[in-house]
Amino acid sequence: MNQIKVYDYIKVKNHVRQLLRIYKTNDLRTNKAEQERLLDEIEAVFSVHDIDVKEEVMKLDDKQLSKAKAEQVLHHLKQYVEPFEMPSQNEMERLFKKVKKLKVPNPETIDTQLISYIGWNDVSAHRKFIIYKDQDEQLHGIYGELSPTKVKGFCKICNKESDVSLFLNKTKASADGTYTKKGDYICHHSEVCNDNLDDIQHLYDFVDHISK
């Protein structure tokens, strides 16, 4: 079965949320063009992978659309999502060789059809760990200090507004062994970030920024 990436599915979810907001307005005629654009883009996400979802998209083309009905459609479309392949505990430990007593998340608590990367906080150590796949589907791991302070702001990974915290990654600055810290504000909770991330390039840009 042909499949789409998780971040493509999140884009669809975001479009459905926008449709629901449009249907709640009193001026549907003015928003007709935006409604049609969103419906077309939802269908296009699947059609580029030769997946026919016209029947489900038709259900979304309804000014009486309820949140419950929209969730039913999204649940049906979720079957086409390629799960994020969970690494084993040994693989995770290899990605973070320098970390002693690494605490890894319980894979049974993670819905792999809703994550574009694995992210978790070690609260006691004030650290966040991130495992992601590059464009060649190779696994990489980064970690850094995560401030316990949360503020409202825009996340550098998902580019959406949420409760963000300062993340700092230590990198070697020169050949003499000195280090520098680079970072930015990202979602404090990676579950929220994954639910917002509809463009994987933002994640790649963030990793590139803090790693060089």
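The following conversation concerns the fold, the domain contact and selected side chains of a predicted model.

User: What kind of model is this, and how are the residues numbered?

Analyst: This is a predicted model, in which local features need pLDDT of at least 70 and side-chain atom pairs count only at pLDDT 80 or more, whereas totals for chains, interfaces and linings use all residues. Residues are numbered from 1 along each chain as its sequence is written, and side-chain values use heavy atoms, with hydrogens and water left out.

User: How many helices and strands are there?

Analyst: The protein has seven helices and six strands. Helices (H or I, at least four residues) and strands (E, at least two) are DSSP runs, numbered from the N terminus. In order from the N terminus, the elements run α-α-α-α-α-β-β-β-β-β-β-α-α.

User: And what are the overall dimensions along the principal axes?

Analyst: The C-alpha atoms fill a box of roughly 65 × 35 × 30 Å. Of the 212 residues, 40% are buried; buried means under 20% relative accessible area, exposed over 50%, and partly exposed in between (1.4 Å probe, protein chains only). Among contacts with a separation of 6 or more, residues 24 or more positions apart account for 58%, a contact being heavy atoms within 4.5 Å.

User: Which domains are assigned?

Analyst: The assignment gives domain 1 (6-80) and domain 2 (89-211); such bounds come from an automatic or database domain assignment. The C-alpha centres of the two domains lie 30 Å apart. Their contact takes ten residues from domain 1 and 14 residues from domain 2.

User: How much area do domain 1 and domain 2 bury between them?

Analyst: About 970 Å² is buried between domain 1 and domain 2, with 50% of it on carbon and sulfur atoms. Buried area is the accessible area (1.4 Å probe) that two parts lose on being put together, summed over both.

User: Which three residues supply more of domain 1's share than any other three?

Analyst: Val6, Tyr7 and Lys78 do, supplying 54% of the area that domain 1 buries against domain 2.

User: How many salt bridges are there between domain 1 and domain 2?

Analyst: There are three salt bridges between the domains, where a salt bridge is a side-chain nitrogen of Lys or Arg within 4 Å of a carboxyl oxygen of Asp or Glu. There are also six residue pairs in polar contact between domain 1 and domain 2, both residues being at pLDDT 80 or more. A polar contact is a pair of N or O atoms within 3.5 Å; within protein, one must be able to donate a hydrogen and the other to accept it, and residues adjacent in sequence count only if both atoms are side-chain atoms.

User: Which residues form salt bridges with aspartate 195?

Analyst: Aspartate 195 forms a salt bridge with arginine 17, with the closest N and O atoms 3.0 Å apart. Lysine 13 also forms a salt bridge with aspartate 195, at 2.9 Å between the closest N and O atoms. This second pair links distant parts of the chain, with lysine 13 in helix α1 and aspartate 195 in helix α6 (residues 190-196), 182 residues apart.

User: Is lysine 13 buried or exposed?

Analyst: Lysine 13 is buried, because its relative accessible area is 14%. Aspartate 195, at 25%, counts as partly exposed.

User: What about the pair of glutamate 56 and lysine 59, and where do they lie?

Analyst: Glutamate 56 forms a salt bridge with lysine 59, the closest N and O atoms being 3.2 Å apart. Both lie in helix α3 (residues 54-60), three residues apart, about one turn of the helix. Glutamate 56 is buried at 7% relative accessible area, whereas lysine 59 is partly exposed at 32%.

User: Which residues are joined by salt bridges that share partners?

Analyst: Lys5, Glu82, Glu85, Lys133 and Glu137 are joined into one network. Within the network, the side chains of lysine 5 and glutamate 82 meet at 3.2 Å, N to O.

User: Changing topic, where is asparagine 169, and what does its side chain reach?

Analyst: Asparagine 169 is in strand β5 (residues 161-172), and its side chain reaches the backbone oxygen of isoleucine 210 at 3.1 Å. With a relative accessible area of 9%, asparagine 169 is buried. Not counting residues up to four places away in sequence, asparagine 169 touches Tyr143, Gly144, Thr180, Lys181, Lys182, Ile210 and Ser211.
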